[in-house]
Amino acid sequence: YHRALVNLTEGKKGKEQSTISSSRLSEITGIKSYQIRKDFSYFGEFGRRGIGYPLLKLTAALKDILKSNQQWDLVLVGVGHLGTAFLYYKGFSKRGFTIKAVFDNDILKVGKKIGNTRIRHIQGMEEFLKKQKIQIGVITVPFQCAQEVADKMIAGGVRSILNFAPISIKHPPEISIKHIDIAIELEKLVYYLF
């Protein structure tokens, strides 16, 4: 919902606040309008029957609910092709995320810069995380290293991890980990072709 609303509100600053109906939002998101109304009702009254939802107000409310109305620093570990792509992607800053530091264990990469970011050795990551109080980490290392990297992140104070290594990481229940295995996602797409 939030992404769809942000896309709609871009360029509306300073203009008269418009509204959006649940049926219009349904067309955009593919989610049934009754489900949209039900989902929004969990967080309070946003709209008026027959009029719809105030677009800018609803967008701001969802941003507040998602805690994306603040800046979040994160670290990235693994500066291969995927990690490098993350560093060049400009969409994170638009959503309030800043890659504060990048770590790798490859001596040939450590000390080099990608854009404005200097690659640091992973040995210093735990101390860096504690000093900077960073709570979000992204893992783009080979699967053999992912558990060790996650353990170091957790020891440094990271509480949420986005893991792109094709392995399920063991972690304490209070730590949130989102696993994204791109190959499995492609296999799912192939399955739905037939």
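How many bridges join β4 to β6, and do the strands run parallel or antiparallel? Three bridges join them, and the two strands run parallel. The views below are taken from a predicted model.

**Figure 1. Overview of the predicted model.** The protein contains nine helices and nine strands. Its C-alpha atoms fill a box of roughly 60 × 45 × 30 Å along the principal axes. Of its 194 residues, 33% count as buried. Among contacts between residues at least 6 apart in sequence, 52% join residues at least 24 apart. The exposed area is about 12800 Å², and carbon and sulfur atoms supply 55% of it. There are 30 positive and 17 negative side chains, with the centres of the two sets 7 Å apart.

**Figure 2. Pairing of β6 with β4 and β5.** Strand β4 covers residues 97-104 and β6 covers residues 117-121. Within the parallel pair of β4 and β6, V102 has I119 of β6 as its bridge partner. Strand β5, residues 113-114, is joined to β6 by two bridges, and these two strands run antiparallel. In this pair, K113 is the bridge partner of R118 in β6.

**Figure 3. The hairpin of β5 and β6.** Two residues lie between the strands of this hairpin. G115 in the hairpin takes a positive phi, near 65°.

**Figure 4. The two sides of helix α7.** Helix α7 spans residues 125-132, and M125, F128 and L129 in this helix are buried. These three residues lie on the same side of α7, because they cover an arc of only 100° around the axis. E127 and K131 are on the other side of α7 and are exposed. The buried residues of the helix pack against three strands and a helix: β3 (72-77), β4 (97-104), β6 (117-121) and α8 (143-155). Strands β4 and β6, which are joined by three bridges, are thus both shown with α7 in this view.

**Figure 5. The residue after α7.** K133 follows α7. The phi of K133 is positive, near 55°.

**Figure 6. Surroundings of T59 in helix α4.** T59 belongs to helix α4, which runs over residues 55-65. T59 counts as buried because its relative accessibility is 9%, and the cut-off for buried is under 20%. Apart from neighbours within four places in sequence, T59 is in contact with H2, L5, V6 and T9.

Terms used. Residues numbered from 1 in each chain as written. Predicted model: local features only at pLDDT ≥ 70, side-chain atom pairs only at ≥ 80, totals over all residues. Heavy atoms only, no water. Helix = DSSP H or I, 4+ residues; strand = E, 2+ residues; numbered from the N terminus. Buried < 20%, exposed > 50% of the residue type's maximum accessible area, 1.4 Å probe, protein only. Contact = heavy atoms within 4.5 Å. Arc of directions from axis to C-beta. Areas by Shrake-Rupley, 256 points an atom, 1.4 Å probe, with all protein chains shown as cover. Lys, Arg positive; Asp, Glu negative; His and termini not counted. Charge placed at Lys NZ, Arg CZ, Asp CG, Glu CD. Pairing = 2+ DSSP bridges.
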